[in-house]
Amino acid sequence: MQDTSKEMARAACHALSEKKAEDIKVIDIHEISVIADYFVIASAANSNQLQALIDEVEEELYKLGYTLDKLEGNRRSSWILMDYKDLIVHLFSREDRLFYDLERIWQDGTFIEPEDL
């Protein structure tokens, strides 16, 4: 299962990079949590870019045969959670990312550079 979730994380990072997401981070949490294998976290400069990131991640993963299990948030939200079961993508406005600071909360996970996936 880890290889599948790693492929999903790689594809999500690629999609986010294509749409110029800011500060893309990957956290491997499979050893410390049962909710997912990986978190991918990124920021958007504005609400239009946030929507573009959602669309691009969803399209990229759909092309690989992965379907979105659950989406939390809407067009007015500044934190979007895309749940693919083994992968959870968190997309934030810059301000909300600093406020919620998921990187600190999940610091016991293993941080991986997107290009190392």
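Is strand S5 (residues 87-93) mostly covered or mostly exposed, and how many of its residues are buried? In this predicted model, strand S5 is mostly covered, with seven of its seven residues buried. The points below start from the whole chain and then return to that strand and its neighbours.

1. Overall make-up. The chain contains four helices and six strands, and read from the N terminus the elements follow the order α-β-β-α-β-β-β-α-α-β. The radius of gyration is 13 Å, close to the 13 Å that the globule rule gives for 117 residues, so the chain is as compact as a globular protein of that length. Along the principal axes, the C-alpha atoms fill a box of roughly 35 × 30 × 25 Å.

2. Burial, contacts and surface. Of the 117 residues, 47% count as buried. When contacts between residues at least 6 apart in sequence are considered, 60% of them join residues at least 24 apart. The exposed area of the chain is about 6700 Å², of which carbon and sulfur atoms supply 45%. The chain carries 13 positive and 25 negative charges, and the mean positions of these two sets are 5 Å apart.

3. Strand S5 and its two faces. The cover on S5 applies to both of its faces: Leu87, Val89, Leu91 and Ser93 are buried on one side, while Ile88, His90 and Phe92 are buried on the other. The list of buried residues therefore includes a serine and a histidine, as a direct consequence of all seven residues of the strand being buried.

4. Partners of S5. Strand S5 runs parallel to S2, to which it is joined by seven bridges, and within this pairing valine 40 stands opposite valine 89. Strand S4 (residues 79-83) is joined to S5 by five bridges, and here the two strands run antiparallel; the bridge partner of tryptophan 79 in S5 is phenylalanine 92. S4 and S5 form a hairpin with three residues between them, and lysine 85 in the turn has a positive phi of about 70°.

5. Strand S1 and its partners. Strand S1 (residues 22-28) runs antiparallel to strand S2 (residues 38-44), with five bridges joining them, and S1 also pairs in the antiparallel sense with strand S6 (residues 110-112), over three bridges. Aspartate 28 takes part in both pairings, since its bridge partner is tyrosine 38 in S2 and threonine 110 in S6.

6. Threonine 110. This residue lies in strand S6, and because its relative accessibility is 48%, between the 20% and 50% cut-offs, threonine 110 counts as partly exposed. Leaving aside residues up to four places away in sequence, threonine 110 touches Val26, Ile27 and Asp28. The C-alpha atoms of threonine 110 and aspartate 69, which are 41 residues apart along the chain, are separated by 24 Å.

7. Glutamate 103. The place of this residue is in helix H4 (residues 102-105). With a relative accessible area of 16%, glutamate 103 is buried, because buried means under 20%. Apart from residues up to four places away in sequence, glutamate 103 touches Lys25, Ile27, Ile41, Arg97 and Phe111.

Conventions
Residues numbered from 1 in each chain as written. Predicted model: local features only at pLDDT ≥ 70, side-chain atom pairs only at ≥ 80, totals over all residues. Heavy atoms only, no water. Rg over C-alpha atoms; globule rule 2.2 N^0.38 Å. Buried < 20%, exposed > 50% of the residue type's maximum accessible area, 1.4 Å probe, protein only. Contact = heavy atoms within 4.5 Å. Areas by Shrake-Rupley, 256 points an atom, 1.4 Å probe, with all protein chains shown as cover. Lys, Arg positive; Asp, Glu negative; His and termini not counted. Charge placed at Lys NZ, Arg CZ, Asp CG, Glu CD. Pairing = 2+ DSSP bridges.
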